[in-house]
Amino acid sequence: MEQKKILNISVDCVVFGFDTITKSLNVLLIKRYLEKDKEVLVDDYVLTGYHVYEDETLDQTATRVLEELTGLKNQYKKQFKAFGDPNRLMNKKDLVWIRNEEFNLRTITIAYYFLLKTDDVDLNKNKYNAKWFPVNNLPEVGFDHKNIILEAYEDLKVKCLSEPIIFKLLPDKFTINEVQDLYQSILCIEIDNRNFRRKLINKKYIIALDEKQVGVSKKPAQLYMFSKDIYDKMFQKNYLISI
């Protein structure tokens with residue numbers, strides 16, 4: 001098989017997911033580990049990413065990287081920033097890792113973030129030892145990836161107030177409490193329950209279903225779904241939920 005040419009540009013992917021049990025906005029990281037002569041040289045976590053092939057667009061690279069990590073396609077993604085500081089890979093552990101992996105020290109990365117449902121990712125069979133971490137409680141992170149994560153998080157905070165992207169993080173059928181928990185997790189604020197519930201259920205694109213939760217110990221809550229078709233017809237670019 002012919003070896004594909006790679007450019008000195010990479011794509012790094014911040015993969016966000018929401019855990020409805022712990023009510024935590026999480027980011028998916030992969031294990032970075034290097035040991036030589038029984039000495040651990042590198043032991044931390046990084047974002048998933050890869051160099052751009054010569055015949056690829058940036059979007060195609062991002063889609064390929066996500067699919068290799070999660071097996072998923074057609075997920076919401078946004079390109080949000082380029083990172084090209086000449087010193088972005090100069091940490092001592094990073095230099096050790098780069099020498100071992102033999103890739104160019106001067107690499108510019110184009111960063112994307114993805115929104116997906118955590119239940120759609122099977123971590124038990126993941127060859128990268130991927131793991132979810134709360135975005136506000138990250139482990140030791142290599143390269144400049146912590147900065148990339150925080151930049152993505154700030155962009156998500158702004159965007160979730162102008163577009164209905166948060167429904168990409170929720171199950172297809174959700175409760176009002178789950179929507180509120182997600183907003184609170186992303187924005188790090190407390191939202192008035194009654195006011196939020198009243199405003200949300202009055203949105204025509206939030207459809208009440210003839211179903212309730214199953215398998216819960218407390219009183220099962222009403223289930224709802226988000227209708228993108230109705231939203232597109234009503235607002236297109238004017239979503240603001242006014243929480």
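**Exercise 1. Helix 1 and its end.** In this predicted model, identify the residue that follows helix 1 and state the sign of its phi; then compare the span of the helix with the expected one.

*Solution.*
1. Gly71 comes directly after helix 1, and its phi is positive, near 80°.
2. Helix 1 covers residues 58-70, a run of 13 residues.
3. From the first C-alpha to the last, the helix reaches 18 Å, which is close to the 18 Å expected at 1.5 Å a residue.
4. The buried residues of helix 1 are Thr61, Ala62, Arg64, Val65, Leu66, Leu69 and Thr70.

**Exercise 2. A charged side chain in helix 1.** Determine whether Arg64 is buried or exposed, and find which side chain it joins in a polar contact.

*Solution.*
1. Arg64 belongs to helix 1.
2. Its relative accessibility is 15%; since buried means under 20%, Arg64 counts as buried.
3. The side chains of Arg64 and Glu56 are joined by a polar contact of 2.7 Å.
4. With neighbours within four places in sequence set aside, Arg64 is in contact with Tyr50, His51, Tyr53 and Glu56.

**Exercise 3. Positive phi outside glycine.** For Asp37 and Asn129, give phi, and locate each residue in the chain.

*Solution.*
1. As background, most residues other than glycine have a negative phi.
2. Asp37 has a positive phi, near 50°.
3. Asp37 sits in the loop between strand 2 and strand 3 (39-46), and it counts as exposed because its relative accessibility is 80%.
4. Asn129 has a positive phi as well, near 55°.
5. The loop between strand 6 and strand 7 (131-134) holds Asn129, which is exposed with a relative accessible area of 52%.

**Exercise 4. Cysteines.** State how many disulfides the model contains, and explain why Cys188 does not form one.

*Solution.*
1. A disulfide is a covalent bond between the sulfur atoms of two cysteines.
2. The cut-off applied to a pair of cysteine sulfur atoms is 2.5 Å.
3. For Cys188, the closest cysteine sulfur is that of Cys160, at 11 Å, and therefore too far for a bond.
4. The count for the model is zero disulfides.
5. In terms of accessibility, Cys188 is partly exposed at 47%, whereas Cys13 is buried at 0%.

**Exercise 5. The surroundings of Val11.** Establish where Val11 lies, and list its contacts beyond four places in sequence.

*Solution.*
1. Val11 is part of strand 1 (residues 6-19).
2. With a relative accessibility of 0%, Val11 counts as buried.
3. Its contacts beyond four places in sequence are Thr48, Gly49, Tyr50, Val52, Leu58, Thr61, Ala62, Thr109, Ile110 and Tyr112.
4. Of these contacts, Thr61 and Ala62 are also among the buried residues of helix 1.
5. By contrast, Lys117 is 106 residues from Val11 along the chain, and the two C-alpha atoms are separated by 22 Å.

**Exercise 6. Nonpolar cores.** Which element supplies the largest share of the largest nonpolar core, and which members touch the most others?

*Solution.*
1. The largest core has 44 residues; Val14, Phe16, Leu29, Tyr113, Ile166, Val179 and Ile186 touch the most other members.
2. At least two residues each come from strand 1, strand 2 (24-36), strand 5 (76-83), strand 6 (108-116), helix 3 (145-159), helix 4 (176-187), helix 5 (193-201) and strand 9 (222-226).
3. Helix 4 gives the largest share, six residues.
4. Another core lies apart from this one; it has 25 residues, including Leu28, Leu72, Ile98 and Ala130.
5. As for Val179, its contacts beyond four places in sequence are Ile166, Phe167, Leu170, Phe174, Phe196 and Leu200.

**Exercise 7. Aromatic pairs.** Classify the ring pair of Phe16 and Tyr113 and that of Phe226 and Tyr231.

*Solution.*
1. A pair of aromatic rings is described by the distance of the centres and the angle of the planes.
2. The model has 11 aromatic pairs.
3. The centres of the Phe16 and Tyr113 rings are 5.9 Å apart and the planes stand at 65°, so this pair is edge-to-face.
4. The pair links distant parts of the chain, with Phe16 in strand 1 and Tyr113 in strand 6, 97 residues apart.
5. Phe16 is buried at 0% relative accessibility, and Tyr113 is buried with a relative accessible area of 0%.
6. For Phe226 and Tyr231 the centres are 6.1 Å apart and the planes are at 50°, so this pair is tilted.
7. Phe226 and Tyr231 are both buried, and ring pairs link them with Phe167, Phe174 and Tyr205 into a cluster.

Note on methods: Residues numbered from 1 in each chain as written. Predicted model: local features only at pLDDT ≥ 70, side-chain atom pairs only at ≥ 80, totals over all residues. Heavy atoms only, no water. Helix = DSSP H or I, 4+ residues; strand = E, 2+ residues; numbered from the N terminus. Expected span 1.5 Å × (residues − 1). Buried < 20%, exposed > 50% of the residue type's maximum accessible area, 1.4 Å probe, protein only. Contact = heavy atoms within 4.5 Å. Core = buried A, V, L, I, M, F, W, Y, C linked by side-chain atoms within 4.5 Å. Polar contact = N/O pair within 3.5 Å; in protein donor to acceptor, adjacent residues only side chain to side chain. Phe/Tyr/Trp six-rings, centres within 6.5 Å; stacked < 30°, edge-to-face > 60°.
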